[in-house]
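Me: I would like a close look at one part of the model shown here, taken slowly and with the terms spelled out.

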Amino acid sequence: MNHLQEQSDGHRAALVAGFLGWAFVAFDFFLVVVTLTAIAREFHRPDKAIALSIALTLGFRPVGALIFGLIADRYGRRPPLMFVLVFYSVIEVLSGLAPNYAAFMVLRSLFGIGMGAQWGVGASLAMEKVPPGRRGVLSGLLQEGYAFGYLLAAICSLVVLPRWGWRPLFFIGGLPALLALFVGFRVKESEVWKSTRHESWGQLGRAIASHWRLFLFLLMLLTMMNFVSHGTQDMYPTFLE
């Protein structure tokens, strides 16, 4: 009975960490979306110049997904997840301190690496911890963290932006680093990863190569999904102003 309770608590903690991690990284991403014109005015740039930072963030997401996905497959899910939570939170705070347009663009590119890493590592840990029969429903719940993060960004911008400007919003975006403590103390490593881990980089590479058709299919599918998603939603707040 105690073992079953421990398993239940373990998958709940992993699911909470995955949901909040995805919500917080979405919050940090959409802060640029909802404050785009304010940032453009301060840096004396047209809106399209700041919109380019959104494209850079999205362009660097696959880099983070690849790098940290490989690290998570080789060394476990928890360590890279904790690092990523701190990494993108620090980058978010630094974005709020950016002295000029060039620095802001570099920081948003680095943020894209953290954003790409968060979903792959966090979702893998959560889905490997939950009961197999519930993965369909719970994966949908996990993805809703993204919409929740967008909602938080919109609400915070309504309260903070008119009074204090856009920079304090990015300081708030540093709070997700605290979630790394929750992962460290409450979330245990994936048993699925422990039972299927690869002992060397070569072994891991061969495992990936053996599924190259599926890999390419999923890569193309998710690329098209992101084109549709971000191509239609990221400029809505700017268009409505």
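Me: How are H5 and H6 oriented to each other, roughly parallel or roughly antiparallel?

Reply: This is a predicted model, in which local features need pLDDT of at least 70 and side-chain atom pairs count only at pLDDT 80 or more, while totals for chains, interfaces and linings use all residues. Residues are numbered from 1 along each chain as its sequence is written, and side-chain values use heavy atoms, with hydrogens and water left out.

H5 and H6 are roughly antiparallel to each other, a label given to angles over 145 degrees, whereas angles under 35 degrees count as roughly parallel, 65 to 115 as roughly perpendicular and the rest as oblique. Helices here are DSSP runs (H or I, at least four residues), numbered from the N terminus. The two pack at an angle of about 150°, and their axes lie 11 Å apart; axes are lines fitted to C-alpha atoms, for helices over the stretch in contact, and angles run from 0 to 180 degrees between N-to-C directions. The crossing of H5 and H6 is right-handed, that is, the near helix is turned clockwise from the far one by less than a right angle.

On the H5 side the contact (heavy atoms within 4.5 Å) involves Met-115, Trp-119, Ala-123, Ala-126, Met-127 and Glu-128, which meet Arg-135, Leu-138, Ser-139, Leu-142, Gln-143 and Tyr-146 of H6. By class, this contact has eight nonpolar, two polar and two charged residues, where Ala, Val, Leu, Ile, Met, Phe, Trp, Tyr, Cys and Pro count as nonpolar, Asp, Glu, Lys and Arg as charged, and the others, Gly among them, as polar.

Both helices also give two or more residues to the largest nonpolar core, which has 49 residues, with Phe-29, Phe-43, Ile-50 and Phe-104 making the most contacts inside it. Such a core is a set of buried Ala, Val, Leu, Ile, Met, Phe, Trp, Tyr and Cys residues joined through side-chain atoms within 4.5 Å, and buried means under 20% relative accessible area (1.4 Å probe, protein chains only). The largest share of this core, twelve residues, comes from H1. Phe-29 touches residues that include Met-115 and Tyr-146, besides others such as Ile-54, Leu-58 and Phe-111, when residues up to four places away in sequence are not counted. Apart from the largest core lies another, of seven residues, among them Ala-126, Met-127, Val-130 and Leu-138.

Definitions and conventions
Buried means under 20% relative accessible area, exposed over 50%, partly exposed in between (1.4 Å probe, protein chains only).
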